[in-house]
Amino acid sequence: MTVDQGAPGRRPARVGIRDVAAAAGVSITTVSDALNGKGRLPDSTRVHVREVADRLGYRPSAAARTLRTGRSGLIGLTTTNHAAEPFALTEYGWFTELVRAATGAALDRGYALVVLPTSSRHDVWSNVALDGTIVVDPAEDDPMVRELLRRGVPVVTGGHPGDSTVHGWVDIDHALAMDTVLDHLSDAGARRIALLTSQEGTYARRCVDAYGAWCAGRGREPLVEAYPPNTSGAAGAAAGRLLDLPAALRPDAVYGLHEGCGGELLAAARARGLRVPEDLLVAACGEESAHSAEPGLTTLSLQPRVAGSSAVELLVGVIEEDAARVGPRVPAQRTVPIRLSVRASTRRGTTGF
């Protein structure tokens with residue numbers, strides 16, 4: 001079968017389900033069941049229909065799907081980490097990578113991702129017809145999660161949902177992450193390891209708890225320096241406070257819990273004449289400027305691409321399985337692996353500054 005591509009300069013004719021049925025030699029109903037995973041069809045028939053559909057370039061009509069399923073094909077992604085600007089988190093590489101991966105994963109499954117502004121005003125996004133929403137780093141008993149669930153919108157969270165009863169969540173193993181980086185610093189010779197962190201967010205709180213448990217298990221005194229989020233220069237000022245402590249109290253290693261902390265720590269050490277790594281070991285979360293920093297910065301990656309795609313996969317599963325589900329749903333969970341990349345900032349015996 002040949003599908004008319006139209007005259008030069010004209011928009012090609014859209015391949016429809018009837019074209020696929022004719023080319024595959026089956027009924028329209030068989031094509032629909034094969035492409036939607038429904039009906040009792042032989043696997044060979046499903047494979048044949050999908051191969052024909054791919055060869056013809058068939059794409060399901062979004063409008064037809066909406067009429068058939070009652071779904072919009074839109075997935076929301078937002079966070080309750082309030083900032084001065086609605087889309088301020090797009091300035092962070094971690095969030096950008098997460099959104100990029102989530103967008104691709106959604107498109108692969110026939111959905112479009114809508115990034116919603118960070119706002120406590122539900123009316124900003126409540127009029128968007130969403131099939132489900134991903135909420136990143138939710139607060140305990142999160143008001144946004146609560147409102148979405150009240151409206152009947154399925155919710156998957158990027159981070160543990162706390163007391164909220166959601167449909168699923170994607171998170172890291174905070175104890176494993178903290179043990180990995182702190183054990184590395186300890187093995188490199190550090191005896192007083194400090195934590196530089198923001199004052200806000202479920203992620204920060206769980207990491208601080210894991211840091212405290214690590215210190216308690218090894219008989220070490222915890223040293224946490226916190227700073228207000230979304231405040232220019234706050235991380236650098238907090239780093240300075242740590243490094244200005246008397247020599248007997250000053251840390252010989254610092255782990256920066258958020259993106260950007262590593263650069264602030266290196267700058268603060270340089271301003272005080274401290275050599276990295278000889279006088280101070282520095283590690284940070286995220287990959288920002290890890291290779292371009294001087295010296296190269298040891299980083300713990302939370303794998304935002306894996307987190308973004310996994311959250312979409314869980315959410316789409318919830319959306320598409322709910323119609324056929326019988327009985328209560330058990331929240332789906334996915335643990336994202338972490339990755340420690342060791343560089344010069346924690347390798348004693350290397351050249352620092």
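The paragraphs below lead through a predicted model, taking its sheets, its helices and its salt bridges in turn.

A good place to begin is an open sheet of six strands, whose order is E7-E6-E8-E9-E10-E12 and whose pairing is mixed. Strand E7, residues 224-227, and strand E12, residues 339-341, are the edge strands, each of them pairing on one side only. From one strand of this sheet to its neighbour, the average turn is 20 degrees when direction is ignored. At the E7 end, strand E6, which covers residues 193-198, pairs with E7 in the parallel sense over four bridges, and within this pairing Leu-195 has Val-224 of E7 as its bridge partner. As a general matter, the strands of a sheet pair through backbone hydrogen bonds, in either a parallel or an antiparallel sense.

Helices lie across this sheet. Helix H7, residues 174-187, lies across E6, strand E8 (253-256), strand E9 (281-285), strand E10 (298-301) and E12, and it runs at about 155 degrees to E8. Helix H10, residues 261-271, lies across E6, E7, E8 and E9, with a direction at about 160 degrees to that of E9.

Another set of strands is centred on a different part of the chain. Strand E1, residues 74-79, is largely enclosed by the rest of the structure, because five of its six residues are buried. E1 runs parallel to strand E2 (residues 112-115), to which four bridges join it, and in that pairing Gly-76 has Val-114 of E2 as its bridge partner. E1 also pairs in the parallel sense with strand E3 (residues 132-136), here over five bridges, with Val-135 of E3 as the bridge partner of Thr-78.

Earlier in the chain, two helices meet. The axes of helix H1 (residues 17-24) and helix H3 (residues 43-56) come within 9 Å and cross at roughly 120 degrees, which means that H1 is oblique to H3. The crossing in which H1 passes H3 is right-handed. Where they meet, H1 contributes Asp-19, Val-20, Ala-23 and Ala-24, while H3 contributes His-48, Val-49, Val-52, Ala-53 and Leu-56.

The side chains add a further set of links, for the structure holds twelve salt bridges. In general, side chains of opposite charge can pair when their charged atoms come close. One of these salt bridges joins Arg-272 to Asp-244, with the closest N and O atoms 2.6 Å apart. This pair links distant parts of the chain, since Arg-272 sits in the loop between H10 and E9, whereas Asp-244 sits in the loop between helix H9 (234-243) and E8, 28 residues apart. Arg-272 counts as partly exposed, because its relative accessibility is 35%.

Two other salt bridges can be followed in the same manner. Arg-146 forms one with Asp-141, the closest N and O atoms being 3.2 Å apart; Arg-146 is partly exposed at a relative accessible area of 45%, and Asp-141 is likewise partly exposed at 40% relative accessibility. Arg-275 forms another with Asp-279, where the closest N and O atoms are 3.1 Å apart. Here too the arginine is partly exposed, Arg-275 having a relative accessible area of 42%, and Asp-279 is partly exposed with a relative accessible area of 31%. Finally, Glu-97, Arg-100 and Arg-305 are linked with one another in a network of salt bridges.

Conventions. Residues numbered from 1 in each chain as written. Predicted model: local features only at pLDDT ≥ 70, side-chain atom pairs only at ≥ 80, totals over all residues. Heavy atoms only, no water. Pairing = 2+ DSSP bridges. Helix = DSSP H or I, 4+ residues; strand = E, 2+ residues; numbered from the N terminus. Axes fitted to C-alpha atoms, helices over the stretch in contact; angles between N-to-C directions. Contact = heavy atoms within 4.5 Å. Salt bridge = Lys/Arg side-chain N within 4 Å of Asp/Glu carboxyl O. Buried < 20%, exposed > 50% of the residue type's maximum accessible area, 1.4 Å probe, protein only. Parallel < 35°, antiparallel > 145°, perpendicular 65-115°, else oblique. Left-handed = near helix turned anticlockwise from the far one by under 90°.
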